[in-house]
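This report looks at how two helices pack, at the setting of one residue in a strand, and at a patch on the surface.

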Amino acid sequence: MVTVKQQYEAYPYPERDPADEDTRLITGSPSHPFEMDHMLWNGARDWSVPLRILVAGGGTGDGLIQLATLLDMLGAPARITYLDLSTASRAVAEARAARRGLGGIDFHTGSLLDAADYGQFDYIDCCGVLHHLPDPAAGFAALRGALAPGGGMGFMVYAPYGRSGVYPLQDAFGALFDGLPPQDRLEQARRIVADLPEGHPFAANRNLGDHHASDAGFYDLLLHGQDRAFAVPELLETLDATGWRLASFTAPAIYDLARITPVPEGMNPRQQMAIAEKLRGTIRMHVAYAVPADAPPSLARPTNRALVPHLRGIKRQALAKAVAQGRPLPLQLGQLRTDVTLPRSAAAVLAAIDGRRDLSQIATTARLDPLAFGTVWGRIDATLAPWGLLHYSGLMRQTGKSLRGL
């Protein structure tokens, strides 16, 4: 059997060229500072206090580089600890950080099961790692043990239904190629996948693309020797058992059963999310934030008019113009497509969002009295926030910096 460490020494994942840092920054969820503040600190963190960060299982560095770059651009002090089993992956992450001139990062080769040995952290990033452990619950528990009071975690684990066809192939390839080195396994598996019949669940699965992107992507998807997926009930049970509580999925609307079908009376929220996942059928990963089980509520709520809103992934002026013209906003998340609509009265409010004005100042700028603004903003928040398009954070106002369009 090819071990997880051997795999990532042979094929660091995701495949990245440090020279590409000159022309692009890969961003996403979790671990965007505005999103972190919104999900974990009620949108009101004091960013003058240095943030202690652990990137657990950092791979070739996507989460690390995003965090370090954005915090540097925003002038927010932080110390980041990178931890990964693979020396080859670490070398890529270090080269990417060096290419950007990023400091304040401590690189370590090791297991996230030993996370607490590296200190206590205000924020933990752990993406695409826990589902590759022999005992994922032990990984969740180890990270909980490394979390400082008041902290939280952004994570990603695989989901089963959007990965249909993957696990039968992994099982078959594991039996066929036992004892072969990684390069031979890859070559033979590529030939087989190229000849899969159209009706094969994997060949018909349009949710996946890693196997087309690179050798590392193909190997990670179809030849991994230690890989499991979590349906919503399994994920929530694992969080419960290891001292965590789900703060929120990054796009909770996807898991909202009421957006798909009427909800039977008496069905609890966990059942609703589990059924929504099955009806969606295309969710290939769960991206979410977690806090300690005994933590107070951490999600930002617009009832606090001192909060500063940020739009994510959409330009405020373009959105304001579309809303003023009565046009819907098309939205695509993976294979899910939908339209979001807002009343024309929201246009002036949207145009006033600049990442520094708080809600009360936006109301003044839009020339709305508190009651009228509350009605309009309630619609904006209920429409955009569940899709991960609206977050609250005072970071830009505290530091006076911006992300220059990011």
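In this predicted model, the axes of helix H7 (residues 182–194) and helix H9 (residues 215–222) come within 10 Å and cross at roughly 80°. Because angles of 65 to 115 degrees count as roughly perpendicular, H7 and H9 are described as roughly perpendicular to each other. On the H7 side, the residues that meet H9 are Pro-182, Arg-185, Leu-186, Ala-189, Arg-190 and Val-193, and their partners in H9 are Asp-215, Phe-218, Tyr-219 and Leu-222.

A strand residue and a loop residue can be set side by side, with the element and the relative accessible area given for each.

| Residue | Location | Relative accessible area |
|---|---|---|
| Val-157 | strand E5 (residues 147–158) | 0%, buried |
| Ile-260 | loop between strand E6 (244–249) and helix H11 (269–280) | 33%, partly exposed |

Val-157 counts as buried because its relative accessibility is 0%, where buried means under 20%. Leaving aside residues up to four places away in sequence, Val-157 touches Leu-130, His-131, Phe-140, Phe-230, Leu-235, Met-285 and His-286. Val-157 and Val-129 are 28 residues apart in sequence, and their C-alpha atoms are 7.3 Å apart in space.

Ile-260, by contrast, is partly exposed at 33%, and together with Ile-275 and Leu-279 it forms a nonpolar patch on the surface. The accessible area of Ile-260, Ile-275 and Leu-279 together is about 230 Å².

Methods
Residues are numbered from 1 along each chain as its sequence is written. This is a predicted model: local features need pLDDT of at least 70, side-chain atom pairs count only at pLDDT 80 or more; totals for chains, interfaces and linings use all residues. Side-chain values use heavy atoms; hydrogens and water are left out. Patches are made of residues with over 30% relative accessible area and no salt bridge: like charges are joined within 9 Å, nonpolar side chains (Val, Leu, Ile, Met, Phe, Trp, Tyr) within 5 Å. Accessible areas come from the Shrake-Rupley method with a 1.4 Å probe; for residues, only the protein chains shown count as cover. A salt bridge is a side-chain nitrogen of Lys or Arg within 4 Å of a carboxyl oxygen of Asp or Glu. Helices (H or I, at least four residues) and strands (E, at least two) are DSSP runs, numbered from the N terminus. Buried means under 20% relative accessible area, exposed over 50%, partly exposed in between (1.4 Å probe, protein chains only). Contact means heavy atoms within 4.5 Å. Axes are lines fitted to C-alpha atoms, for helices over the stretch in contact, and angles run from 0 to 180 degrees between N-to-C directions. Angles under 35 degrees count as roughly parallel, over 145 as roughly antiparallel, 65 to 115 as roughly perpendicular and the rest as oblique.
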